[in-house]
Amino acid sequence: MAYHLHRLGISTTALTAAAGLHRVEALHIRNGRSELSVKDLGFLADALRVPLEALTRLLDDGERLDWDFYRVSGRHPAAVWANVRKHVRAAGMSNAAAAQLLGFKRPNIVRAFSGRPRHILYRPPGQTLAEAIGVGDAEVFLDGIAMADPHRSPRDE
């Protein structure tokens, strides 16, 4: 359900306001760390004014790839951007060209490449860049980044 909340643009604040949830509870739901009953799902769908299926349907293969990529990139942005930088440099591409392909301004790419990213790399623009520099799939930017438990956040520790 976390993917669907993300896809629909429903924030933790919106969950809190619409469903009257405590912020921590809403955050756990938003991050996919809470198991909800069918009754709870129905309540949330009604509170958010979305069809139940919009929150519960299975992800298709493309959505699953995008979501898995996003979760790793969101948890380890500096490591992901370091991998992007390595591949961009190896391909001889400039920061400006990489920024344009990714839909970022050049200063944001320079910042990300220097280890201080403000943005997460999403799979669709990452795929565009990967194809442009000839490295195959965007998942190459996740190489060497291990995720022991995809449902656990560093904030949980």
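**Exercise 1. Two crossing helices**

Work out how helix H2 (residues 12-19) and helix H4 (residues 38-48) are arranged relative to each other, and what class of residue makes their contact.

*Solution.* Keep in mind that this is a predicted model.

- Step 1: Start with the axes. Those of H2 and H4 come within 9 Å, and they cross at roughly 95°.
- Step 2: Put the angle in a category. Anything from 65 to 115 degrees counts as roughly perpendicular, so H2 and H4 are roughly perpendicular to each other.
- Step 3: List who touches whom. H2 brings Ala 14, Leu 15, Ala 18 and Ala 19, while H4 brings Phe 43, Leu 44, Ala 47 and Leu 48.
- Step 4: Sort them by class. You get 8 nonpolar residues, no polar ones and no charged ones.

Leu 44 shows up again in Exercise 3.

**Exercise 2. Rings in company**

Classify the aromatic pair formed by Trp 67 and Tyr 70, then find the cluster that these rings belong to.

*Solution.*

- Step 1: Search the whole structure, and 5 aromatic pairs turn up.
- Step 2: Pick out Trp 67 and Tyr 70. Their ring centres are 5.3 Å apart with 20° between the planes, and the pair is stacked. The cut-off at work here is that planes under 30 degrees apart count as stacked.
- Step 3: Look at the helix. Trp 67 and Tyr 70 are 3 residues apart in helix H6 (residues 61-75), so about one helical turn separates them.
- Step 4: Check burial. Trp 67 has 8% relative accessibility and therefore counts as buried.
- Step 5: Follow the ring pairs outward. They link Tyr 3, Trp 67, Tyr 70 and Tyr 122 into a cluster.

**Exercise 3. Finding the cores**

Which helix gives the most residues to the largest nonpolar core? Find out, then look for a second core.

*Solution.*

- Step 1: Size up the largest core. It has 23 residues, and those touching the most other members are Trp 81, Val 84, Leu 121, Leu 129 and Phe 141.
- Step 2: See which elements give two or more residues: H6, H7, helix H8 (95-102), helix H9 (106-113) and helix H10 (123-133).
- Step 3: Pick the top contributor, which is H7 with 4 residues.
- Step 4: Zoom in on Val 84. Sequence neighbours within four places aside, Val 84 is in contact with Phe 113, Leu 121, Leu 129 and Phe 141.
- Step 5: Now the other core. A separate set of 14 residues includes Ile 10, Ala 26, Leu 44 and Leu 55.

**Exercise 4. Asn and His in H7, Arg in H9**

Decide whether Asn 83, His 87 and Arg 111 are buried or partly exposed, and list their contacts beyond four places in sequence.

*Solution.*

- Step 1: Take Asn 83, found in helix H7 (residues 77-90). Its relative accessible area is 12%, so Asn 83 is buried. Asn 83 touches Val 140, Phe 141, Leu 142, Asp 143 and Ile 145.
- Step 2: Move on to His 87, which lies in helix H7. At 15% relative accessible area, His 87 is buried. The residues His 87 touches are Ile 133, Val 135, Val 140 and Phe 141.
- Step 3: Turn to Arg 111 in helix H9. With 24% relative accessible area, Arg 111 is partly exposed. Arg 111 is in contact with Arg 116, Pro 117 and Arg 118.
- Step 4: Compare sequence with space. Arg 111 and Trp 81 are 30 residues apart in sequence, and their C-alpha atoms are 9.7 Å apart.

Terms used. Residues are numbered from 1 along each chain as its sequence is written. This is a predicted model: local features need pLDDT of at least 70, side-chain atom pairs count only at pLDDT 80 or more; totals for chains, interfaces and linings use all residues. Side-chain values use heavy atoms; hydrogens and water are left out. Axes are lines fitted to C-alpha atoms, for helices over the stretch in contact, and angles run from 0 to 180 degrees between N-to-C directions. Angles under 35 degrees count as roughly parallel, over 145 as roughly antiparallel, 65 to 115 as roughly perpendicular and the rest as oblique. Contact means heavy atoms within 4.5 Å. Ala, Val, Leu, Ile, Met, Phe, Trp, Tyr, Cys and Pro count as nonpolar, Asp, Glu, Lys and Arg as charged, and the others, Gly among them, as polar. Buried means under 20% relative accessible area, exposed over 50%, partly exposed in between (1.4 Å probe, protein chains only). Rings of Phe, Tyr and Trp (its six-membered ring) pair if their centres lie within 6.5 Å; planes under 30 degrees apart count as stacked, over 60 as edge-to-face and the rest as tilted. A nonpolar core is a set of buried Ala, Val, Leu, Ile, Met, Phe, Trp, Tyr and Cys residues joined through side-chain atoms within 4.5 Å.
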